[in-house]
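User: Could you go through this model with me?
Analyst: Gladly; here it is.
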Amino acid sequence: MQLTEDEIDLIRGSFRALALGTPATATVFYERLFERTPSLVPMFPADMEQQGVKMMSMLGAIVAQIHDHTALLPMVVDLARRHVGYGAVPEHYDLIGEALIHTLEQRLGAGFTPAVREAWVKAYTALAAVMIEAAES
Ligand code: HEM
């Protein structure tokens, strides 16, 4: 993931603000995802509160290791392979990305500057590409 130091700082700073309100953040994320693509609902477990906590803590772990590919890669490859079992296919990754960017916009308000958006889009695009490739291998 070829992010600059500034981009990493923007991602870390904005994620901290998001994580402080984890349940609300996860709610915005899954509401957006399911509103846009209702066919995804049955793929997910009934306990979406737990799911939200898992998703946010995984994002936190990824953000924490974003500067260190050696640590990040095995974690992301495992995550991608587990997702094959959940029924995730490459086309789903853009839907998750859209919901993520929407969530950042909703939760950060004025803090969601063009530079913050750009850094997250770049990071998520790279993450999704790695996950899709890992899922196929
Ligand atoms: C960067 C992208 C993603 C991240 C960080 C992420 C993160 C997670 C995490 C942490 C879990 C908990 C289970 C586990 O750790 O294996 C999970 C579960 C799940 N994810 Fe994702 N996910 C991503 C992309 C996707 C995509 C593209 C889909 C496709 C629709 C998806 C669908 C699911 C489903 C259905 C579950 C529930 C599995 C179950 O408990 O039965 N995720 N995700």
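User: How are α4 and α6 oriented to each other?
Analyst: This is a predicted model, in which local features need pLDDT of at least 70, side-chain atom pairs count only at pLDDT 80 or more, and totals for chains, interfaces and linings use all residues. Residues are numbered from 1 along each chain as its sequence is written. Helices α4 and α6 are oblique to each other, the class left for angles that are not under 35 degrees, over 145 or 65 to 115. The axes of α4 (residues 69–86) and α6 (residues 114–136) cross at roughly 60° and come within 8 Å, where axes are lines fitted to C-alpha atoms over the stretch in contact, and angles run from 0 to 180 degrees between N-to-C directions.
User: And which residues make the contact?
Analyst: From α4 there are V76, V77, L79, A80, R81, H83 and V84, and from α6 L127, V130, M131, A134 and A135, with contact taken as C-beta atoms, placed from the backbone, within 7 Å.
User: Different topic: how many helices and strands does the protein have?
Analyst: The protein has six helices and zero strands, these being DSSP runs numbered from the N terminus, with at least four residues (H or I) for a helix and at least two (E) for a strand.
User: What share of the contacts with a separation of 6 or more is between residues 24 or more positions apart?
Analyst: Such pairs account for 79% of those contacts in the protein.
User: What box do the C-alpha atoms fill?
Analyst: Along the principal axes, the box is roughly 40 × 35 × 20 Å.

Notes: Contact = placed C-beta atoms within 7 Å.
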